[in-house]
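Hi there,

Here is the structure I promised to pass on to you. Have a look at it first, and then read on for what turned up.

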Amino acid sequence: MKPSAFDYHAPRSLGETLEILAGAGPHGKVLAGGQSLIPLLNMRLAAPSHLVDINRVAALDTVSVEEGGVRVGALARHAAVERSSSVARAQPLLRAALKLVAHPVIRNRGTVVGSLVHADPSAELPAVLTVLDGSVRLARHAGPVREVPAAAFFTGPLESAVEPGELAVSAFFPSLPPRTGSAFCEVARRHGDYAMAGAAAVVSLDEDLRIASARVACVSVGPVPVLLDVSEVCAHRPAASVDWAAVARDVRDRIDPEGDIHATAAYRRHLTGVLAERALRIAAQEAADERAEETSHG
Amino acid sequence: MGEALHEITLTVNGVLREAKVPGRRLLSDCLRRELGLTGTHVGCEHGVCGCCTVLLDGAPVRSCLTFAVSVDGHEITTVEGLSGPDGSLSPVQRAFSECHALQCGFCTPGFLCSATALLRDNPSPTDDEVVEGISGNLGRCTGYQNIVKAVHRAAELMGDEA
């Protein structure tokens, strides 16, 4: 299995990258980590005539904790983001999810933004961006920069809002507000495989430790990450008295997974209910712990 | 018109090597074909088996999911570069031999590279850390028990030498 021939471009700056992408139009493909793209090229499921390798564009190799969240540049590897303690403090869900992305060797090369642009509905990072209401910044030559929110970014299986000629330059993962916890739970046939089902959860508590809002983004149950707000079912109760079985039932009722050789639709539905409940309960506990810490320090 | 060739320079196992490759040449194929280093094995060619794992600037990566031209100017260590200049086996290689952690040997170069990097970053890993560290490598001859034992044994050998 070898890729078909392409014209190889190795720009050294963002401006040069955007110019080449503009020229290549629909025939251009961006290469960053390549951990999803190169298998597709090797199997000839993709055969772009122009490959634009951004590995020499140092300006894109950035991870920064900014006001209100974490911004990850297009060339930041999974491993770099996973290991960053400042990222883990600003947005702990990133590290939790990254540990579930493939294997360490893949994460040494793969990029966070690449995982988003690849837009696999079974992947962890699209669900994380979705549940956090994050966004992806897109740039093009001689055109405006677009900041696309997660809800509009994932448009179908392996399809994103990135248009021909555009480059996803960075992604923004907002920090959690106070008294808020998060968790990621999944079940895969083998650790590192794409999950049969999984859920990224974010839960916020009010001053009295009652659940103010609860959201999950579910993987592998639709063409894009499926975002569900279950705040109403949590009925503004403290986590200990929430009817969690009703929450799981609500999740099961609102998804429409498909079956494949790894899991039937019914099993996937069941798993998603269990995993959403589990992730929500962990997130609620984390929010309560954070609240306790705040009180003891305050 | 033939395919455009790119001149690249790689530091492979400490030696500066030059090659002319088309853009689509995988690093695994460049190592084996242009540079004659056939220790790097090619199994699945889509990133699943881990047999082609090499160290890129010290970090283990899949050479079948990397284009040679992408890593122009970088340092590569293959299984041929793990032993000493006199051919003496590295602690990881000795441990694999001692613990019978290989049978047919096809997966071994990948395991050796992954384990070498794992122990450099974490000189005394727990069982779980060893399993996580080698989780990206598949072996089909036998179980993984002896491979896990060998990684622990290598940690001991490296500790003794330190």
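Let me begin with the surroundings of one helix in chain A: the buried residues of α1(A) pack against five strands, namely β1 (7–9), β2 (28–31), β3 (50–53), β6 (135–140) and β10 (166–174) of chain A. Please keep in mind throughout that this is a predicted model.

Which residues of that helix are buried? In α1(A), which runs over residues 14–24, they are Thr17(A), Leu18(A), Ile20(A), Leu21(A) and Ala24(A). These residues sit on the same side of α1(A), because the arc they cover around the axis is only 165°. As a reminder, an α-helix has 3.6 residues a turn, so residues three or four places apart point the same way. Just after α1(A) comes Gly25(A), whose phi is positive, at about 55°.

Now for chain A as a whole. It contains twelve helices and 14 strands. Its radius of gyration is 20 Å, close to the 19 Å that the globule rule gives for 298 residues, so chain A is as compact as a globular protein of that length. The C-alpha trace of chain A spans about 60 × 50 × 35 Å along its principal axes. Of the 298 residues in chain A, 52% are buried. If you take the contacts in chain A with a separation of 6 or more, 64% of them join residues 24 or more positions apart.

How is chain A divided into domains? Domain 1 covers 7–53, domain 2 covers 58–174 and domain 3 covers 180–297. Between domain 1 of chain A and domain 3 of chain A, the C-alpha centres lie 36 Å apart.

On to chain B, which has domain 1 (5–81) and domain 2 (91–161). Taken over C-alpha atoms, the centres of these two domains of chain B are separated by 22 Å. Contacts between them involve 14 residues of domain 1 of chain B and eleven residues of domain 2 of chain B. On the domain 1 side, β3 (53–56) and β4 of chain B are the elements that give two or more residues. The most comes from β3(B), with three residues. That side of domain 1 of chain B is made up of eight nonpolar and six polar residues, with no charged ones.

Chain B has a helix worth a look as well. In α1(B), residues 27–34, the buried residues are Leu27(B), Ser28(B), Asp29(B), Cys30(B) and Leu31(B). Among what covers them is β2 (15–22) of chain B. Gly36(B), just after α1(B), takes a positive phi of about 70°.

Finally, how do the two chains meet? There are 23 residues of chain B in contact with 23 residues of chain A. On the chain B side, β4 (59–62) and α4 (127–133) each supply at least two residues. The element that gives the most there is β4(B), with four residues. By type, the side of chain B that touches chain A has six nonpolar, twelve polar and five charged residues. So you may like to view β4 of chain B from both directions: β4(B) contributes to the side of chain B that touches chain A, and β4 of chain B also gives two or more residues to the side of domain 1 that touches domain 2 of chain B.

Happy browsing, and all the best!

Key. Residues are numbered from 1 along each chain as its sequence is written. Chains are lettered from A and ligands numbered from 1 in the order in which they are written. This is a predicted model: local features need pLDDT of at least 70, side-chain atom pairs count only at pLDDT 80 or more; totals for chains, interfaces and linings use all residues. The radius of gyration is taken over C-alpha atoms; the globule rule is 2.2 Å times the number of residues to the power 0.38. A residue is buried if 20 or more other C-beta atoms lie within 10 Å of its own, exposed if 12 or fewer, and partly exposed in between; C-beta atoms are placed from the backbone. Two residues are in contact if their C-beta atoms, placed from the backbone, lie within 7 Å. Ala, Val, Leu, Ile, Met, Phe, Trp, Tyr, Cys and Pro count as nonpolar, Asp, Glu, Lys and Arg as charged, and the others, Gly among them, as polar. Domain bounds come from an automatic or database domain assignment. The arc is that of the directions from the helix axis to the C-beta atoms.
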